[in-house]
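Colleague: Please take a close look at one buried spot for me and describe it slowly. Then work outwards from there, so that I can place it in the rest of the model.

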2 protein chains.
Amino acid sequence: MGPAGSANWHAMLDGAEDILREEGYAALTSRAVAERIGVKQRLVYYYFATMDQLIVETFRRLAVRELERMRGMLATPRPLRELWDVCIHTTDARLISEFMALANRSEGLRAEVIAFIEQSRAIQVEALTAALAARGRGAGMAPVGLVMLATSAALSLTREAELGVTAGHAEVTGAIEAFLREMEGE
Amino acid sequence: MGPAGSANWHAMLDGAEDILREEGYAALTSRAVAERIGVKQRLVYYYFATMDQLIVETFRRLAVRELERMRGMLATPRPLRELWDVCIHTTDARLISEFMALANRSEGLRAEVIAFIEQSRAIQVEALTAALAARGRGAGMAPVGLVMLATSAALSLTREAELGVTAGHAEVTGAIEAFLREMEGE
DNA sequence: GTCTATACACCGATAGAC
DNA sequence: GTCTATCGGTGTATAGAC
């Protein structure tokens, strides 16, 4: 309904994102979003027809930004290093947990999540394939497999670190760092 | 409060588990649990002081069962194969997503989740270490790192498969299957 | 665009009878 | 152990004034 891209529209998505991160999806209500940005609850329904729509838009905005950022990294001197650092340092496992749980029950969100995973994987495969080709070598597994494995590891490493579990982390991180150094130096 | 281990106690945990799996934690209410097992809402508060306690007990019962099962596998002819099959086939990523999201906001649950991860990792490390020693070889990475990596992969493989994403899955599964065959034959 | 007001349903938790 | 009844609060969503 309301104008996408307007100041209030963005403010509402910002609020929704913060609430998801800090309090979880059970706390993501139209009242909470309104209060957080200093408007009345009714206004949320002027900008979004349902709460589900607000959630989907929140994820979509995040996904678009992230994909754009990742594509930008393809042109840098060390794309693999950049992509890995993003995965491991700027990922918020709490926020991702909420979206993963929500995606199990919202068709609209699920479609967005699927699209995001597929596109981000494609970008990462492109980066790894190019890096391997430039050095005229393979990696013992097809790039798409290696990318899938690294993405899984990054997500679990981040999530467990937030919980306070670290068994095996140094070993996995070490192996990936060694691979990155071998591929891109520094 | 109420007698842990009684028929109603188990029925309530069963109900809670089903609701989490099917509808998510936002739908896990005392009324929903009561209705599902055919009792009145008040009775839920006779067995559990708070909803948080019910959630913690639901996870704990599940974790205890799972750890027992995993320990039992250490004595089988192919422990690595058994442990991997459990990870990849009987894991319900939806249920895990809910517990992961809940653990971000419930101290009691978080402690249980941490304990479970640490204990299951220890069992898996024991299995892998024994298997490597029996064959007098190493694996290019310390066992705990390999276990961490495999666990991450299993979780993401299951979760993505439920979403319908499969890019890179065959490659990762193939590599792990090859490793298992090399270690335990068949 | 933004508001007041409200319909209707559901929540956790408790009092207290049987 | 199990129930009826209820308190005070919150949820989505809508009607309609300004």
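Modeller: A helix here is a DSSP run of H or I that is at least four residues long, and helices are numbered from the N terminus. By that numbering, A:Thr58 sits in helix 4 of chain A, which covers residues 51-73. Keep in mind throughout that this is a predicted model.

Start with how covered the residue is. The relative accessibility of A:Thr58 is 1%, and buried means under 20%, so A:Thr58 counts as buried. Leaving out residues up to four places away in sequence, A:Thr58 touches A:Leu13, A:Ala16, A:Glu17 and A:Phe99.

Now look at the residue with that number in chain B. B:Thr58 is found in helix 4 of chain B, residues 51-73. It is buried because its relative accessibility is 1%. With neighbours within four places in sequence set aside, B:Thr58 is in contact with B:Leu13, B:Ala16, B:Glu17 and B:Phe99. For B:Thr58 there is also a polar contact to describe: its side chain reaches the backbone oxygen of B:Leu54 at 2.7 Å.

One of the residues that A:Thr58 touches, A:Phe99, leads to the next element. A:Phe99 is among the buried residues of helix 6 of chain A. That helix runs over residues 93-103 and is mostly covered, with nine of its eleven residues buried. Besides A:Phe99, the buried residues include A:Leu95, A:Glu98, A:Met100 and A:Leu102. Within chain A, the buried residues of helix 6 pack against helix 1 (7-23), helix 4, helix 7 (107-134) and helix 8 (143-163). They also pack against helix 6 and helix 8 of chain B. Helix 4 in that list is the helix that holds A:Thr58. At the N-terminal end, helix 6 of chain A is capped by A:Asp92, whose side-chain oxygen lies 2.9 Å from the backbone nitrogen of A:Arg94.

Helix 6 of chain B also spans residues 93-103, and B:Glu98 lies in it. B:Glu98 has a relative accessibility of 0%, and it therefore counts as buried. The surroundings of B:Glu98 come from both chains: not counting residues up to four places away in sequence, it touches A:Tyr25, A:Ala101, A:Asn104 and A:Arg105, as well as B:Leu20, B:Gly24 and B:Tyr25. With A:Arg105 there is a polar contact of 2.7 Å between the two side chains.

The cysteines can be dealt with briefly. A:Cys87 is buried because its relative accessibility is 17%, and B:Cys87 is buried because its value is 18%. Searching the whole structure gives zero disulfides over all chains.

Further out is the DNA. Take DNA strand D to begin with. 18 residues surround it, and the closest are A:Arg31, A:Tyr45, B:Asn8, B:Arg42 and B:Tyr47. Of the strand D atoms within 4 Å of the protein, 51% belong to sugar or phosphate, and the rest belong to bases. The residues of this surface divide into eight nonpolar, five polar and five charged. Several contacts go to phosphate oxygens of strand D. A polar side-chain atom of A:Ser30 is 2.8 Å from one, and a side-chain N or O atom of B:Tyr46 is 3.2 Å from one. A:Met51 uses a backbone N or O atom, at 3.2 Å. The elements that give two or more residues to the surface near strand D are helix 2 (30-37) and helix 3 (41-47) of chain A, together with helix 3 (41-47) of chain B. Helix 3 of chain B gives the largest share, four residues.

DNA strand C is surrounded by 17 residues, the closest being A:Asn8, A:Arg42, A:Tyr47, B:Arg31 and B:Tyr45. Here 54% of the strand C atoms within 4 Å of the protein belong to sugar or phosphate, and the rest to bases. Phosphate oxygens of strand C lie 3.4 Å from a polar side-chain atom of A:Tyr46, 2.9 Å from a side-chain N or O atom of B:Ser30 and 2.9 Å from one of B:Tyr45. Helix 3 of chain A, together with helix 2 (30-37) and helix 3 of chain B, are the elements that give two or more residues to this surface. The most, four residues, come from helix 3 of chain A.

Methods. Residues numbered from 1 in each chain as written. Chains lettered and ligands numbered in written order. Predicted model: local features only at pLDDT ≥ 70, side-chain atom pairs only at ≥ 80, totals over all residues. Heavy atoms only, no water. Near = heavy atom within 4 Å. Polar contact = N/O pair within 3.5 Å; in protein donor to acceptor, adjacent residues only side chain to side chain. Nonpolar A, V, L, I, M, F, W, Y, C, P; charged D, E, K, R; others polar. Buried < 20%, exposed > 50% of the residue type's maximum accessible area, 1.4 Å probe, protein only. Contact = heavy atoms within 4.5 Å. Disulfide = S-S within 2.5 Å.
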